[in-house]
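Colleague: I would like to go through this model with you, one point at a time. Please give the criteria as you use them.

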Amino acid sequence: MTDQELIAPDLPEQRDPKKAQLKPGWYKVADSNDIGSMEAIQVDDFPTQIVVWRGKDDQLSALDLYCRHMGASLACGEVEEDGIRCPFHAWRWSGEGPCNEVPYAKRIPPKAVTRSWEVDELDGSIYVWFDRDGNSADLNGERIDELSF
Ligand code: FES
């Protein structure tokens, strides 16, 4: 991938998940074997665009796709420990949402926090919790294998 492909001419628009008319539940985003160890994928079939990755100890994490710094796709980044490093300026984002490393900087901007999503893996499928009101995940919540907007 060239630098040109990583730099959007305009910052990409992160879809507003609050506009999605979907019931709360666990939405299937991939088969388990779609994401190998230390790999990331981009998911568009969700109320907003997300990156999902499998980090250290096979821990799954998900964040909004576009980097809060200048909008690069985090799915093009490198999985590192439990986080993902942006391909553009190499800020490293934790699976919980805050940026936890900015190369060559003494401090991390307080606003460098992105939205995280709860992920679960069950019977060979990877699910991400969605509730447009922002309620936390219910492990017994409904599993929805087909997304219909
Ligand atoms: S765009 Fe991600 S670190 Fe700059």
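Colleague: Leaving aside neighbours within four places in sequence, which residues is Q14 in contact with?

Modeller: This is a predicted model, in which local features need pLDDT of at least 70, side-chain atom pairs count only at pLDDT 80 or more, and totals for chains, interfaces and linings use all residues. Residues are numbered from 1 along each chain as its sequence is written. Two residues are in contact if their C-beta atoms, placed from the backbone, lie within 7 Å. On that criterion, the contacts of Q14 outside its sequence neighbourhood are T48, Q49, D64, L65 and Y66.

Colleague: Is Q14 buried, partly exposed or exposed?

Modeller: A residue is buried if 20 or more other C-beta atoms lie within 10 Å of its own, exposed if 12 or fewer, and partly exposed in between, with C-beta atoms placed from the backbone. Q14 has 16 such neighbours, so the class is partly exposed.

Colleague: Where does Q14 lie?

Modeller: Helices (H or I, at least four residues) and strands (E, at least two) are DSSP runs, numbered from the N terminus. Q14 belongs to neither kind of element here, but to the loop between helix 1 (3-6) and strand 1 (25-31).

Colleague: What separates the C-alpha atoms of Q14 and G71?

Modeller: Along the chain, Q14 and G71 are 57 residues apart. In space, the separation of their C-alpha atoms is 9.2 Å.

Colleague: Which strands form the open sheet, and in what order?

Modeller: Two strands pair if DSSP finds at least two bridges between them. Strand 1 pairs antiparallel with strand 11 (residues 125-130) over six bridges, and runs parallel to strand 12 (residues 143-144), with two bridges. The pairing in this four-strand sheet is mixed. Strand 10 (119-122) and strand 12 are the edges, each pairing on one side only, and the order is 10-11-1-12.

Colleague: Which residue in strand 12 is the bridge partner of W26?

Modeller: Towards strand 11, K28 has Y127 as its bridge partner, and A30 has I126. Towards strand 12, the partner of W26 is R143.

Colleague: Which residues have the most contacts inside the largest nonpolar core?

Modeller: A nonpolar core is a set of buried Ala, Val, Leu, Ile, Met, Phe, Trp, Tyr and Cys residues joined through C-beta atoms within 7 Å. The largest one has 32 residues. At least two of its residues come from each of strand 1, strand 2 (40-43), strand 3 (50-54), strand 4 (60-64) and strand 11. Those with the most contacts inside the core are V29, I50, V51, V52, A62, L74 and V128.

Colleague: Which residues does V128 touch, not counting those up to four places away in sequence?

Modeller: The contacts of V128 include F46, W117, E118 and V119. The rest of the list is Y27, V29, I50, V52 and A62.

Colleague: What is the phi of M38, which is not a glycine?

Modeller: M38 is in the loop between strand 1 and strand 2. With 14 C-beta neighbours inside 10 Å, M38 is partly exposed. Its phi is positive, at about 60 degrees.

Colleague: What is the phi of E81, also not a glycine?

Modeller: E81 sits in the loop between strand 5 (78-80) and strand 6 (83-85). E81 is partly exposed because 15 C-beta neighbours lie inside 10 Å. The phi of E81 is positive, at about 55 degrees.
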